Amino acid sequence: GELRRLLAELPCSTLYVTHSPAEALAFGEHITVLEAGRVSQHGSREDLMRHPRSAYVAEFLGVNFFTGSLTAGASHGAARIAHAQGELFLAADGEASDAAVVVHPRDVTLSLEAPGGTARNVFAGAIDELVPEPPAGELVRVSLATTPPLIAEVTRHAVEALGLRPGLRVFASF
């Protein structure tokens, strides 16, 4: 917080170089992501989070990113994205084309049993890793060995209540 305040008071633009996505998002009004020594994307933090243009940018920012072929009107007014590791269903319809889909880890729900209800995308797999998020670990990133691999973000309380641990088979839905 102190560094952010100091930078805001400066009468000039500041270039802040970091390898930390959290720092880039905390300090950057405009963020430039370098991939293999070249600019792969530049924009506001909101633009990068909502519209990453590559798997590298999505991974850097910690969001799930899928590319594939969009099939319009695949099922009950939903569109389907066929990708290398399966398919995803979207609530909105669209034109048939190549497409990219971003799923924020906070939008992924974890359960110990197959969920009922309206979730169109349900994947089963083991937990690979649990990583508490700084500063206090109230949020935990959960890496899942699903097909496709997913990242979910849950509260520390949810980890304890569900007994989440590496190797445990869970269901991820969104």
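The exercises below, each with a worked solution, concern a predicted model of a protein chain.

**Exercise 1. Describe the overall make-up of the protein chain, from its secondary structure to its surface.**

Begin with the secondary structure, where the protein chain holds five helices and 11 strands. Next, turn to the extent of the C-alpha trace, which spans about 55 × 40 × 25 Å along its principal axes. Then consider burial: the protein chain has 174 residues, and 32% of them count as buried. For the contacts, take those between residues at least 6 apart in sequence, and note that 47% of these join residues at least 24 apart. Finally, the accessible surface comes to about 10,500 Å², and carbon and sulfur atoms account for 54% of that surface.

**Exercise 2. Locate Ala-36, describe its phi angle, and decide whether it is buried or exposed.**

First find the residue along the chain: Ala-36 sits in the loop between strand S1 (30–35) and strand S2 (38–44). Its phi is near 55°, which is a positive value in a residue other than glycine. For the last step, recall that a residue is called exposed when its relative accessible area is over 50%. Because the relative accessible area of Ala-36 is 79%, Ala-36 is exposed.

**Exercise 3. Find out what kind of peptide bond joins Thr-147 and Pro-148, and where Pro-148 lies.**

Look at the omega angle of the bond between Thr-147 and Pro-148, which is about 5°, and the bond is a cis peptide bond. Following the chain around this point then shows that Pro-148 belongs to the loop between strand S9 (139–145) and strand S10 (150–155).

**Exercise 4. Describe the largest pocket by its volume and its lining.**

Start with the volume, which is about 880 Å³. The lining consists of 25 residues, and those nearest the centre of the pocket are Leu-15, Tyr-16, Gly-28, His-30 and Ile-31. Now trace the lining back to the secondary structure: helix H1 (2–9), helix H2 (21–27), S1 and helix H4 (55–61) each supply at least two residues, and S1 gives the most, with five. Sorted by class, the lining has 14 nonpolar, eight polar and three charged residues.

**Exercise 5. Carry out the same steps for the second largest pocket.**

The second largest pocket holds about 490 Å³ of space. Its lining is made of 20 residues, with Ala-22, Leu-25, Leu-61, Glu-133 and Glu-153 lying nearest the centre. Two or more lining residues come from each of H2, H4 and S9, and H2 gives the most, with four residues. By class, the lining of this second largest pocket divides into 10 nonpolar, four polar and six charged residues.

Key:
Residues numbered from 1 in each chain as written. Predicted model: local features only at pLDDT ≥ 70, side-chain atom pairs only at ≥ 80, totals over all residues. Heavy atoms only, no water. Buried < 20%, exposed > 50% of the residue type's maximum accessible area, 1.4 Å probe, protein only. 1 Å grid on protein atoms, 1.4 Å probe; cavity = no way out; pocket = protein on both sides within 12 Å on 5 of 7 lines; lining within 4 Å. Points joined across faces, edges and corners; volume = space filled by probe spheres on them. Nonpolar A, V, L, I, M, F, W, Y, C, P; charged D, E, K, R; others polar. Contact = heavy atoms within 4.5 Å. Areas by Shrake-Rupley, 256 points an atom, 1.4 Å probe, with all protein chains shown as cover.
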